[in-house]
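Here's a quick briefing to read with the structure open beside you. Have a look around first, then work through the points by topic.

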Amino acid sequence: MKVTKVCCQGCGASLKVDESIRYVTCNYCDSRLEVIHDETVTHTRRLEKIEETTSLLTKKMRVLELQNTLEHVDREWEKFRQSVSSRSDNGQLVEPNAGVAIAGGVIGFVLAIFGIAMSLRASSPVLGVLIGFVLVAIIFVVRHGYRRAEAFQIQKYRYQTARKSLVQKLDQAVKA
């Protein structure tokens, strides 16, 4: 068996190792070393430094992973938000709102009742029936708008909860 002298990367002490040894602990500074047997030279490398570097890289990868997940969640939310929202006259997004749906329904209902009353006063039952159908249509539109707004609020809550959790995890990963 061939014995080779190597230098400790921790303290510089001279160590004797044979070619079968892969790991060694320095008797002088207790550094854990990996013995590397290349074709032309045998040398050591401190394992603690490798472990520190690996740990640091793992932490950085976790931060990047969380940042990417957060960006993905934000993109998906914005895509959903734009798909269910409408645009105002000045081009801003208007999210579905249950109050607006109900207010529109109340206004439509009042106008339909007024129309029915006017048709009965004018003795035009055909017009009253027509306005009755409009009233039923208004009820369905309001119901649809209310459900859409309710579904939007549920999705918004889920997004905000997921985002908050990711931000907390990201803060913890950065601080670690």
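What follows covers the helices, the cores, the surface and the salt bridges.

Keep in mind that this is a predicted model. Two helices to start with are α2, with 24 residues, and α3, with 51 residues. A search of the whole structure also turns up eight salt bridges.

**Helices**

- Helix α2 spans residues 98-121 and reaches 34 Å from its first C-alpha to its last, close to the 34 Å expected at 1.5 Å a residue.
- The buried residues of α2 are A101, G105, G108, A112, G115 and S119, and they pack against α3 (125-175).
- Helix α3 reaches 75 Å from first C-alpha to last, again close to its expected value, 75 Å.
- Buried in α3 are G128, I131, L135, V142, A149, F152, Y159, L166, L170 and A173; these pack against α1 (47-84) and α2.
- R143 sits in α3 and counts as partly exposed, at 42% relative accessibility. Its C-alpha is 8.7 Å from that of G105, although R143 and G105 are 38 residues apart along the chain.
- K164 is also found in α3, and it's exposed, with a relative accessible area of 56%. The C-alpha atoms of K164 and L70 are separated by 9.5 Å, with their positions 94 residues apart along the chain.

**Cores and strands**

- As a general point, nonpolar side chains tend to be buried together in soluble globular proteins.
- The largest nonpolar core here has eight residues: V6, C8, A13, L15, V17, C26, L33 and V35. Strands β2 (14-18) and β4 (32-37) are the elements that give it two or more residues.
- Another core, of six residues, lies apart from that one, and its members include V63, L70, L166 and L170.
- Back in the eight-residue core, C26 touches C8, C11, A13, L15, S31 and L33, leaving out residues up to four places away in sequence.
- T42 belongs to strand β5 (residues 42-46). It has a relative accessible area of 19%, so T42 counts as buried, the cut-off being under 20%.
- Setting aside neighbours within four places in sequence, T42 is in contact with T4, V6, V35, I36 and H37.

**Surface patch**

- I102, V106, V110 and Y146 make up a nonpolar patch on the surface, with about 350 Å² of accessible area together.
- Helix α2 supplies the largest share of the patch, three residues, and V110 is placed in that helix.

**Salt bridges**

- E34 pairs with R45, their closest N and O atoms being 3.0 Å apart. E34 is in strand β4 and R45 in strand β5, so this bridge ties together parts 11 residues apart in sequence.
- E34 is buried at 9% relative accessible area, whereas R45 is partly exposed at 39%.
- R163 and D74 meet at 2.8 Å, N to O. Because R163 lies in helix α3 and D74 in helix α1, the pair links parts that are 89 residues apart in sequence.
- R163 is partly exposed at 29% relative accessibility, and D74 is partly exposed too, at 22%.
- K79 and E76 form a salt bridge at 3.4 Å, N to O. They are three residues apart in helix α1, so about one helical turn separates them.
- K79 counts as exposed at 54% relative accessibility, while E76 is partly exposed at 35%.
- Finally, E78, R81, E95 and K156 are joined into one network by salt bridges that share partners.

Methods: Residues are numbered from 1 along each chain as its sequence is written. This is a predicted model: local features need pLDDT of at least 70, side-chain atom pairs count only at pLDDT 80 or more; totals for chains, interfaces and linings use all residues. Side-chain values use heavy atoms; hydrogens and water are left out. Patches are made of residues with over 30% relative accessible area and no salt bridge: like charges are joined within 9 Å, nonpolar side chains (Val, Leu, Ile, Met, Phe, Trp, Tyr) within 5 Å. Accessible areas come from the Shrake-Rupley method with a 1.4 Å probe; for residues, only the protein chains shown count as cover. A salt bridge is a side-chain nitrogen of Lys or Arg within 4 Å of a carboxyl oxygen of Asp or Glu. Helices (H or I, at least four residues) and strands (E, at least two) are DSSP runs, numbered from the N terminus. A nonpolar core is a set of buried Ala, Val, Leu, Ile, Met, Phe, Trp, Tyr and Cys residues joined through side-chain atoms within 4.5 Å. Buried means under 20% relative accessible area, exposed over 50%, partly exposed in between (1.4 Å probe, protein chains only). Contact means heavy atoms within 4.5 Å. The expected span of a helix is 1.5 Å times one less than its number of residues.
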